Structures are given as structure tokens and as C-alpha cells.
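Subject: Structure for you to look over

Hello,

Here is the structure I promised. Please open it first, then read my notes alongside it.

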Amino acid sequence: MNSTDTTPVLVIGATGRVGREVVAQLRRAERPVRALTRRPATSALPADVEIMVGDLTVPESLEPAVEGVRVVFLVWTAAFATSPAVEEGHVGGDYVVTGP
């Protein structure tokens, strides 16, 4: 990711404490931000953030969110045992899943 890259960065968990800070820093760096949230009506994210509805426990909901994205930020808060379902729903590109 470089400063001239205009592809959005997908922030999963953008409405949480860490995610909100990531969104703020990306915006300060003038990067386009796409946020994945289960509840867009209560997200209270800035107007320039592209909001996508999705849920990590519903892997098929992730496909629209990752379309055209090269970078994904995720803090995994669900039980690590649920990661296979998300990995199976992975659409393409490189990714790293780490856990305890």
C-alpha cells in the first residue's frame, strides 16, 4: 500500500474502539475507507466512509465488501474456531489468519 493507491481499505470492525482509530488514521492519510458493519444505521461513521453491510459469521456477506479491495484490516474478536468459515468465504488475494 502506498500513498498514491486509491483502492479502498476495508476495515472490519470499524465501529469498535480499535476500528474507529484505524478509520481515523486512514482518513488522515487521505486513504479511501470501506467499513464492514452489521448495523449501518447505528455506525456513526464519517460521511466519506463507504459502509458495507456484512457479518463474519455469514461468509457470503463478505464478497461485496472485499470486491476491489487490496488491503483488509481485521481485529478478530470472535472465537478463533470460527475462522474456517471466514476463510472458505475468502474471495481472492493474499491474507493471513493468526490466532492464539
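One cut-off before the rest: a residue is called exposed when its relative accessible area is over 50%, and buried when it is under 20%. Arg-70 has a relative accessible area of 60%, so Arg-70 is exposed. Please keep in mind that this is a predicted model.

**Arg-70**

Arg-70 lies in the loop between α2 (63–66) and β4. Leaving aside neighbours within four places in sequence, Arg-70 is in contact with Asp-5, Thr-7 and Pro-8. Asp-5 is 65 residues away along the sequence. In space, the C-alpha atoms of Arg-70 and Asp-5 are 9.6 Å apart.

**Overall layout**

The protein chain has three helices and four strands. Their order along the sequence is β-α-β-β-α-β-α. The chain has 100 residues, and 30% of them count as buried. The exposed area comes to about 6,600 Å². Carbon and sulfur atoms supply 53% of that area. Take the contacts between residues at least 6 apart in sequence: 47% of these join residues at least 24 apart.

**The cores**

Nonpolar side chains tend to be buried together in soluble globular proteins. Here, the largest nonpolar core has ten residues. They are Val-9, Val-11, Ala-14, Val-22, Val-23, Leu-26, Val-33, Ala-35, Leu-45 and Val-49. Three elements give two or more residues each: β1 (9–12), α1 (17–28) and β2 (33–37). Which of them gives the most? It is α1, with three residues.

There is also a second, separate core of eight residues. Leu-10, Leu-36, Leu-62 and Val-69 are among them.

Val-33 is a good place to start in the ten-residue core. Neighbours within four places aside, Val-33 is in contact with Val-9, Val-11, Val-23, Leu-26, Arg-27, Asp-48, Val-49 and Glu-50.

**Helix α1**

α1 has twelve residues. From first C-alpha to last, α1 reaches 17 Å, close to the 16 Å expected at 1.5 Å a residue. Gly-19, Val-22, Val-23 and Leu-26 are its buried residues. Why do they lie on the same side of α1? They cover an arc of only 100 degrees around the axis, which puts them there. An α-helix has 3.6 residues a turn, so residues three or four places apart point the same way.

The buried residues of α1 pack against β1, β2 and β4 (71–74). The face turned away from that buried side carries Arg-17 and Arg-28, both exposed.

After α1 comes Glu-30, in the loop between α1 and β2. Its phi is positive, about 60 degrees, although Glu-30 is not a glycine. Is Glu-30 buried or exposed? The relative accessible area of Glu-30 is 72%, so this residue is exposed.

**The loop between β2 and β3**

Two residues of this loop deserve a look: Ser-43 and Ala-44. Ser-43 is buried, with a relative accessible area of 2%. Ala-44 is exposed, at 68%.

Start with Ser-43. A polar atom of the Ser-43 side chain lies 3.1 Å from the backbone oxygen of Pro-40. Beyond four places in sequence, Ser-43 is in contact with Thr-15, Arg-20, Thr-37 and Ile-51.

Now Ala-44. Its phi is near 55 degrees, a positive value in a residue other than glycine. Ala-44 and Arg-20 are 24 residues apart along the chain. Their C-alpha atoms are separated by 10.0 Å.

**In short**

Three places to open in the viewer:

- The ten-residue core, to which α1 gives three residues.
- The buried side of α1, packed against β1, β2 and β4.
- The loop between β2 and β3, for the buried Ser-43 and the exposed Ala-44.

Best wishes

Key:
Residues numbered from 1 in each chain as written. Predicted model: local features only at pLDDT ≥ 70, side-chain atom pairs only at ≥ 80, totals over all residues. Heavy atoms only, no water. Core = buried A, V, L, I, M, F, W, Y, C linked by side-chain atoms within 4.5 Å. Buried < 20%, exposed > 50% of the residue type's maximum accessible area, 1.4 Å probe, protein only. Contact = heavy atoms within 4.5 Å. Areas by Shrake-Rupley, 256 points an atom, 1.4 Å probe, with all protein chains shown as cover. Expected span 1.5 Å × (residues − 1). Arc of directions from axis to C-beta. Polar contact = N/O pair within 3.5 Å; in protein donor to acceptor, adjacent residues only side chain to side chain.
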